[in-house]
There are 2 protein chains.
Amino acid sequence: MTTTPARPRAAGRPGATSHAAIEQAAFGLFAERGFAGTTLDDIAAAVGVGRRTLFRYYRSKNDIPWGQFDRTLDDFRRILESTAPELPLWEAVHRGVVRFNEFPGDARPGHRERMELILGTPELQAHSALRYAEWRAVSAEHVADRLRLSPTDLLPTTVGHVSLALALAAYDAWMDDPSRSLAGLVDEAMRGLRTHLAS
Amino acid sequence: MTTTPARPRAAGRPGATSHAAIEQAAFGLFAERGFAGTTLDDIAAAVGVGRRTLFRYYRSKNDIPWGQFDRTLDDFRRILESTAPELPLWEAVHRGVVRFNEFPGDARPGHRERMELILGTPELQAHSALRYAEWRAVSAEHVADRLRLSPTDLLPTTVGHVSLALALAAYDAWMDDPSRSLAGLVDEAMRGLRTHLAS
DNA sequence: CACGCTATTGGCACCGGTGGTCATAACGAC
DNA sequence: GTCGTTATGACCACCGGTGCCAATAGCGTG
């Protein structure tokens, strides 16, 4: 879980590998043989490390494609906190989601490969639900903060679920058409929803 | 998968059990020892069949709590089809979701037990994502039909995701407060969302 | 009533992911 | 060099899931 620690000075035996090395080896194998077709033994061998050691870097095989998601969540939290407070709440959250999905050009291919793997593999789709729950909690907390409600109240959780819904709809569309911008699709999904509900 | 077949005349050897019997035994054990703490051997023993046989009634352990979900999906489809065509689309879908979540008083305790298990068990939360995808597809198809779009277009998938989002937010709230009506919570979530987005 | 037909059962072997334990290796500090 | 610390990797056991196949139990027929 803890990403490759950028410890000031290491105390004991140094790690035999790193998250980056594992992910690189793993993604290579996944691309070659598919996710299910790649065993942990394969990955361990490719990394040059014991199979048991992999579990000290990732909680499970399913966690490997998600990488260091906790960091990503911190980013999202920071983005939401930095939205202009004078914006209507819905728009603040929405812009946060959009910004969260803006990737610099060079990060895009890697991100796309990752998401294709995740969204195209049933085991991983299922596993993602747990990650999404953490993501929703972040938006729900933001909404609860601004409205002085509890994060478990109906409105904050609803906004959390709906924000995720828009992002996932955008991802679905992005999978169909890589040429579109992800952030643009999130925006379009929101416009579609508002129009849909406005009648 | 196929629910206990109501075959007109059986040809070969009769089944040794039924979906109902398996679910009953399984839910009993889950309540007693938890989902993870119950092995398939336990269930098989309780039902009085071989472990191997369980897999002919349910694809996996995770599928047992969901029961006959395909039937439920058919219900949902029928409910959507029977909504008044003069209603604005968003409202038709919304009412469909609300009706789908109205349970007759006597079905409620069982349904609640089932959903508590599902929503409270990480493995099952994850597995549910696959079920939700089928559910979303039903609403997306309905929207696509009425708008003469493809079910994979952005608006239909968005509506599918958002409808599910509202239902799940309602379930979250229902878990916190069993005294509320589920359908009422779906309705309240939708009202909250419309207000939220209207500013 | 015996016979064959047929669908279901259930045992068995096997794979892969996951978790526990423990001896051991490699480093920094003293 | 010794000690404390930390990560490693081997061994083991468990469980879910799958392919294979022989055994089985009703049914309809002759």
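## Predicted model of two protein chains with DNA strand C

Of the 24 residues around DNA strand C, those that come nearest are A:Ser60, B:Gly12, B:Arg13, B:Val49 and B:Gly50; the coordinates belong to a predicted model. Among the elements, helix H3 of chain B, covering residues 51-57, gives the most to the surface near DNA strand C, with 3 residues. Sorted by class, that surface has 8 nonpolar, 9 polar and 7 charged residues.

In chain A, helix H1 (residues 19-33) packs with helix H2 (residues 40-47) at an angle of about 125 degrees, and their axes lie 9 Å apart. Angles over 145 degrees count as roughly antiparallel and those from 65 to 115 as roughly perpendicular, with the rest beyond 35 degrees as oblique, and H1(A) and H2(A) are therefore oblique to each other. Their crossing is right-handed. On the side of H1(A), the contact is made by A:Ala21, A:Ile22, A:Ala25, A:Ala26 and A:Leu29, while H2(A) contributes A:Asp42, A:Ile43, A:Ala46 and A:Val47. By class, this contact of H1(A) with H2(A) has 8 nonpolar residues, no polar residues and 1 charged residue.

The two protein chains are related by a rotation: a turn of 180 degrees, with a shift of 0.0 Å along the axis, lays chain B on chain A with an RMSD of 0.1 Å. That is the relation of a two-fold axis. Within chain B, the residue that comes closest to the rotation axis is B:Ala126, whose C-alpha is at 2.2 Å. The same surface serves both copies, since 100% of the contact residues of chain B recur in chain A.

The contact between the chains takes 33 residues from chain B and 34 residues from chain A. On the side of chain B that touches chain A, the elements that give two or more residues are helix H7 (122-147), helix H8 (154-176) and helix H9 (182-198) of chain B, and of these H8(B) gives the most, with 15 residues. The residues of that side divide into 19 nonpolar, 10 polar and 4 charged.

The class counts for the three surfaces are set out together below.

| Surface | Nonpolar | Polar | Charged |
|---|---|---|---|
| Near DNA strand C | 8 residues | 9 residues | 7 residues |
| Contact of H1(A) with H2(A) | 8 residues | no residues | 1 residue |
| Side of chain B that touches chain A | 19 residues | 10 residues | 4 residues |

Terms used: Residues are numbered from 1 along each chain as its sequence is written. Chains are lettered from A and ligands numbered from 1 in the order in which they are written. This is a predicted model: local features need pLDDT of at least 70, side-chain atom pairs count only at pLDDT 80 or more; totals for chains, interfaces and linings use all residues. A residue is near a molecule or strand if its C-beta atom, placed from the backbone, lies within 6 Å of it. Helices (H or I, at least four residues) and strands (E, at least two) are DSSP runs, numbered from the N terminus. Ala, Val, Leu, Ile, Met, Phe, Trp, Tyr, Cys and Pro count as nonpolar, Asp, Glu, Lys and Arg as charged, and the others, Gly among them, as polar. Axes are lines fitted to C-alpha atoms, for helices over the stretch in contact, and angles run from 0 to 180 degrees between N-to-C directions. A crossing is left-handed if the near helix is turned anticlockwise from the far one by less than a right angle, and right-handed if clockwise. Two residues are in contact if their C-beta atoms, placed from the backbone, lie within 7 Å. Copies are superposed by least squares on the C-alpha atoms of residues with pLDDT of at least 70 in both.
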